[in-house]
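Here's a quick tour for anyone meeting this structure for the first time. Have a look at it below, then read on.

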Amino acid sequence: MLPLPILPVPIYDARLLDYDVGLNIANMANDLPLFEGEIPRGSFVVVGYTASCYLSNMDRRWHFSANIQWAIVMGVPLRF
Amino acid sequence: MTLMHRNCVDALQFVQSGRYVNPSRSSPLLVNVRRVSADGRNLRLYVDKSHAICVTSICSTDSFVTHVPPTGLPQRQLRGVVHSQEWERLVAFFCMVFFQPEMDAQLYKDALTFSTKAGDRGQQGEFALAVLSLKVTFITTGHSAMFKQSTSSNKQVERKTAPVEKAVHRDPFLLESDSKSGFFNSLLDCVTTSHSTSTYL
């Protein structure tokens, strides 16, 4: 598989820490360690994204797109 | 399952903190929408003068954050199912703030796709360009939070997949990335000479 020449998306790991998203969200890069590897299927993930809406030239309909900025893994399944 | 229950509840109940917004819980009155193109066809969500960072809790289904997905555009992707009730509120929130009665989104088997801008097609190598996506329609009636999902039979799936593929190929992000292919190629050359993938990161 090829590595992507696109800006990396940081994945943080909050599985073993007492972490309140509402209190510390702007400082998550300092508070949380990075999560290694891909996120397992069935994980509880908090995802941060910017939202945009555009009118497609093809079908003349409005499309919603979510552009991921970061993600926090809150929990992973026992077996994956 | 390895998790701390309190963290998950806090994440679900998060409302808003500055530019960080939970679209399932926050008020549409606290955000604003700006046109980012001259023709008004591209709208972004803002809080005051900053981009709004939407915060949503999901159950992940597919993760292509560190490597290229086997199909589709070369972009980082995270797919996940938004939890019940949170999903309906999210749909109502976005339809209301973007002032659209309905919108199309990248949904496949109830999982919403969160993705980055697509890279250059030339770097995809042998990967197919098929896009595994399913067209699902957001529908709101007035200011209520009604939502209909047009997926039930396989016939509908086949019929609705085709137009989305075309739409994705006309994605403005893709057009933008095509114009920057020289930049990505130079990056690729850089890695080829140094034999290190960390150059990208």
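## A turn after a helix

Let's start at Phe99(B), the residue with a positive phi, near 60°, that follows helix α2(B). Keep in mind that this is a predicted model.

The helix before Phe99(B), α2(B), runs over residues 86-97 of chain B. Its twelve residues reach 16 Å from the first C-alpha to the last, close to the 16 Å expected at 1.5 Å a residue. Plenty of α2(B) is tucked away: Leu90(B), Val91(B), Ala92(B), Phe93(B), Phe94(B), Cys95(B) and Val97(B) are buried. What covers them? The cover includes β2 and β3 of chain A, along with β4 (32-35), β5 (42-47), β7 and β8 (77-82) of chain B.

## The other helix, side by side

Now for helix α1(B), residues 5-13, where Asn7(B), Asp10(B) and Ala11(B) are buried. These three sit on the same side of α1(B), because they cover an arc of only 100° around the axis. Turned away from that buried side is a face with the exposed residues His5(B), Arg6(B) and Val9(B).

The buried residues of α1(B) pack against parts of both chains. From chain A come α1 (21-24), β2 (44-55) and β3 (62-76), and from chain B come β1 (2-3) and β7 (53-64).

## Where the chains meet

How many residues of chain B are in contact with chain A? There are 64, and they touch 55 residues of chain A. Strand β7(B) supplies the largest share of chain B's side, with ten residues. By type, the residues on that side divide into 33 nonpolar, 22 polar and nine charged.

Strand β7(B) also pairs with β2(A), in the antiparallel sense, over six bridges. One detail to look for: Thr56(B), in β7(B), is the bridge partner of Val47(A).

## How far to trust it

For the complex, the predictor gives an ipTM of 0.88 and a pTM of 0.69. Chain B on its own averages a pLDDT of 68, and 58% of the residues score at least 70.

Within chain B, confidence is highest in strand β3 (residues 20-21), at 94, and lowest in strand β11 (residues 134-137), at a mean of 37. Over residues 124-201 of chain B the pLDDT is below 50, though this stretch has 106 contacts in the model beyond near neighbours in sequence. Where pLDDT is low, the predicted coordinates shouldn't be read in detail.

Conventions. Residues are numbered from 1 along each chain as its sequence is written. Chains are lettered from A and ligands numbered from 1 in the order in which they are written. This is a predicted model: local features need pLDDT of at least 70, side-chain atom pairs count only at pLDDT 80 or more; totals for chains, interfaces and linings use all residues. A residue is buried if 20 or more other C-beta atoms lie within 10 Å of its own, exposed if 12 or fewer, and partly exposed in between; C-beta atoms are placed from the backbone. Helices (H or I, at least four residues) and strands (E, at least two) are DSSP runs, numbered from the N terminus. The arc is that of the directions from the helix axis to the C-beta atoms. Two residues are in contact if their C-beta atoms, placed from the backbone, lie within 7 Å. The expected span of a helix is 1.5 Å times one less than its number of residues. Ala, Val, Leu, Ile, Met, Phe, Trp, Tyr, Cys and Pro count as nonpolar, Asp, Glu, Lys and Arg as charged, and the others, Gly among them, as polar. Two strands pair if DSSP finds at least two bridges between them. pLDDT is the predictor's confidence in each residue, from 0 to 100.
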